[in-house]
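Could you walk me through this protein structure in plain language? I'd like to see how its parts fit together.

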Amino acid sequence: MLNLDRPITLNAKAIGSPNLCDLFDSNDLRRIGEECHAGYTRDEYSRSIWMKRNESGMDLALQIQKDKTFPWPGCSNVAFPLVTIAAMQFHARAYPAIVNGTDIVKCTVFGDDPQGEQTAHADRVSTHMSWQLLYQDKTWEEQEDKAILNLSIIGTNFKKSYYSASLGHNVSELVLAKDLVLDYWSKSVEDSPRKTHKLPMFRNEVYEKVMRGVFCDVLEQPWYMHAPSPTISTLQRVNQDNRQGLIPPPPDETTALLFLEQHCNMDLDGDGYAEPYIITFESTSKYVVRIVTRFDRESDIERVASGPHKGKIIRINAMEYFTKKTFIPSPDGGIYDIGFGVFLGPLNEAVNSLVNMLLDAGTMQTTGGGFLGRGAKIRGGVYTIAPFEWKRVDSTGDDLRKSIYPLPINAPSDVLFQLLSLLINYTSRVSGTTDITVGENPGQNTPAQTTQTMVEMGQKIYTAIFKRIWRSSKEEFSKLFKLNGMFLPLDVPQPGGATRADYQGSTDKISPVADPNVTSDSMRLQMAGALKQAAMTTPGYNRDAVEVRYLKALRIDGIPAVFPGTQGQPPAKDPKLQIEETKIQGRLQEQQIALQTQMQQFAITLEEEKRMNNAKIIELMAKAQNEAANAQTEQAYAQVAIINAEIARVRAENEHINTRIEHLLSAAKIQAAHQIGIQGLATAQEKAKK
């Protein structure tokens, strides 16, 4: 137990202080630093085996080639990319599904909301928090991208959510598992007795924090004025060089200093209860530069109300900064989880050995040597044979054949190749990277439904992982929700219309959540299409909301401009009424077409009769002229008069035909006008009904 010479008094002033180091003397600060460093060392030792396994997994993911001298120097040294493929395939599916459009944060309304006030409240919070993550915190999306890839390899990383006074907004930054040291056997992040965050800082950053009063004055300390001591061993530096492809320079005045920010429980007021604090100290000197409480209000302290222990602390509701993201929970119950680097590591190492054995066997077979007998009279030295080249020797061909014995070498084993295929096949099953899920064609005769089912079954391994990631995102968003209730400006509308009042109180009525509904574009489109089909056939749906969801599934930009909604527009006709109107219009059109056909046929008949009459008139006129020219008697003149009378009769008949054709045209016009009038009347009646 830590014993201090001058314990502090935990009051409102201490809770609101930006640094409590001034309340302790140098001996107490030294004891605090040593206690924190000892706890950090114990936690590092508890997770050392996990760290070693994940270092090897990261080497496999990055395809680091280690020095190899067996079976001979310069032998085959291939790193097969099994872990790399698994991580990239998971990342390619997870990143677009998690960072999907501009609706990152969704809010759920709990309980009844007949007036829609809670729903409007949830919409404001969702829009504002999504804007904060995507636009205000400009590094969130980039770090989320990196976090998903790192999570698939290592199995664990963390998000640190806090309000940055220098930036003026909330920050949710990525913390890699190697940079956050916890006791491996802790139950959870919240219940861990210590959480130590490794924070490399350059001297300018330390200087700025000293000038702002965040750190105590350390500008005259020896560890600040001189180059820091190496913090990693020679072996660690070699491994780091192999990964990064560079050689870090030796420490100097420009090298970053390593600070340890420890979130721990420590009794600094001597009352027997360990209060939650954040203690920051330099790693090599253990010099404490900052101490602050991990709670902000007196109301966070629960005290005894009455009795002999009245006023004593029962419990303090500490603020939690870290959110753990889990890939696959560790089967041994440790707080650090596992990823593809550990799961596929032994299989990947076995595949690497088999590939290198096959390559070495092929090398020996194609370039193998042998033994030279004494009977071969060949000068010493190294002989190389090029194409079309002949070497002179002092022996006969028969002597050479007898004196040169090639080394017996077996061809690359088919059994090894079959074993290699077996291991790769089972590795794909473990990682979910089967042929069909990585885009390869399963076969030309495979039915579409069978292919879709195979894809869904191949992605089953990702379903539980997605749920864990979304669960962690929900906890991260809840922390940001509380920070908004503490640090947003008062009565200043934010993007989306949200204000600080929208974040006040508990999250019992509305809460930011994440919804792991889909893991692929095709599944999202299928769900949106099924919802739209149900809304079209079943009454009671909010069709505007359904249409908006469908457009979002199609990734349409500017949805309000494309679909403003149906509010204020006339309601759609009853489908049964539309069917009846269609039938009536069809019958009317059929009758009209039949009548027009009859009229056209009658008009054609009249025109044909008129044409024949005209021909007859021409014939009679020619006959009358001939008769008149040859007329010598009264009888001949009478014949001419009869012909003229016949011409007059035929002409009168043509006039009658013309009149009938005109009547037909007039009737067609009247019928068309009548049809237009019927349609106009129907439109007017429909408007009157509306």
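Let's start with a pair of sequence neighbours: the side chains of Lys178 and Asp179 meet in a salt bridge, with N and O 3.5 Å apart. Lys178 is partly exposed, because its relative accessible area is 41%. Keep in mind that this is a predicted model.

That pair has plenty of company, since a search of the whole structure turns up 26 salt bridges. Take Arg194 and Asp43, whose closest N and O atoms are 3.0 Å apart. Arg194 belongs to strand β5 and Asp43 to helix α2 (residues 26–46), so this salt bridge ties together parts that sit 151 residues apart in sequence. Is Arg194 buried or exposed? With 16% relative accessibility, Arg194 counts as buried, because the cut-off for buried is under 20%. Asp43 is buried too, with a relative accessible area of 1%.

Next, look at Glu144 and Lys159, which form a salt bridge with their closest N and O atoms 2.7 Å apart. Glu144 is in helix α6 (residues 140–154) and Lys159 is in strand β2 (residues 156–164), 15 residues apart. Glu144 counts as buried at 1% relative accessibility, and Lys159 is buried at 0%. This pair doesn't stand alone: salt bridges with shared partners join Glu144, Lys159, Lys325 and Glu476 into one network.

Now back to β5, the strand that holds Arg194. Which sheet does it belong to, and in what order do the strands come? It's an open sheet of 5 strands, ordered β4-β5-β6-β7-β8, with antiparallel pairing. At the edges are β4 (180–182) and β8 (288–293), each of which pairs on one side only. From one strand to the next, the twist averages 20°. As background, strands of a sheet pair through backbone hydrogen bonds, either parallel or antiparallel.

You can follow the sheet strand by strand. β4 pairs with β5 over 3 bridges, and Leu182 stands opposite Lys195 in β5. On to the next pair: β5 and β6 are joined by 8 bridges, and His197 has Glu261 in β6 as its bridge partner. Further along, 5 bridges connect β7 (residues 275–282) to β8, where Phe281 is partnered with Val288 in β8.

How enclosed is β5? Of its 8 residues, 7 are buried, so this strand is largely enclosed by the rest of the structure. Helix α7 (residues 203–212) lies across β5 (194–201) and β6 (257–266), and it runs at about 115° to β5.

For a look at a single helix, try α3 (residues 48–61). Its 14 residues reach 20 Å from the first C-alpha to the last, close to the 20 Å expected at 1.5 Å a residue. Buried residues in α3 include Trp50, Met51, Asn54, Gly57 and Met58. In general, an α-helix has 3.6 residues a turn, so residues three or four places apart point the same way. Just past the end of α3, Gln63 takes a positive phi of about 55°.

Finally, zoom out. The protein chain has 20 helices and 14 strands, and 35% of its 690 residues count as buried. Its exposed area is about 41700 Å², with carbon and sulfur atoms supplying 56% of that. Among contacts between residues at least 6 apart in sequence, 68% join residues at least 24 apart. The Arg194–Asp43 salt bridge is a good place to picture such a link, with its two ends 151 residues apart in sequence.

Notes:
Residues are numbered from 1 along each chain as its sequence is written. This is a predicted model: local features need pLDDT of at least 70, side-chain atom pairs count only at pLDDT 80 or more; totals for chains, interfaces and linings use all residues. Side-chain values use heavy atoms; hydrogens and water are left out. Helices (H or I, at least four residues) and strands (E, at least two) are DSSP runs, numbered from the N terminus. The expected span of a helix is 1.5 Å times one less than its number of residues. Buried means under 20% relative accessible area, exposed over 50%, partly exposed in between (1.4 Å probe, protein chains only). Two strands pair if DSSP finds at least two bridges between them. Axes are lines fitted to C-alpha atoms, for helices over the stretch in contact, and angles run from 0 to 180 degrees between N-to-C directions. Contact means heavy atoms within 4.5 Å. Accessible areas come from the Shrake-Rupley method with a 1.4 Å probe; for residues, only the protein chains shown count as cover. A salt bridge is a side-chain nitrogen of Lys or Arg within 4 Å of a carboxyl oxygen of Asp or Glu.
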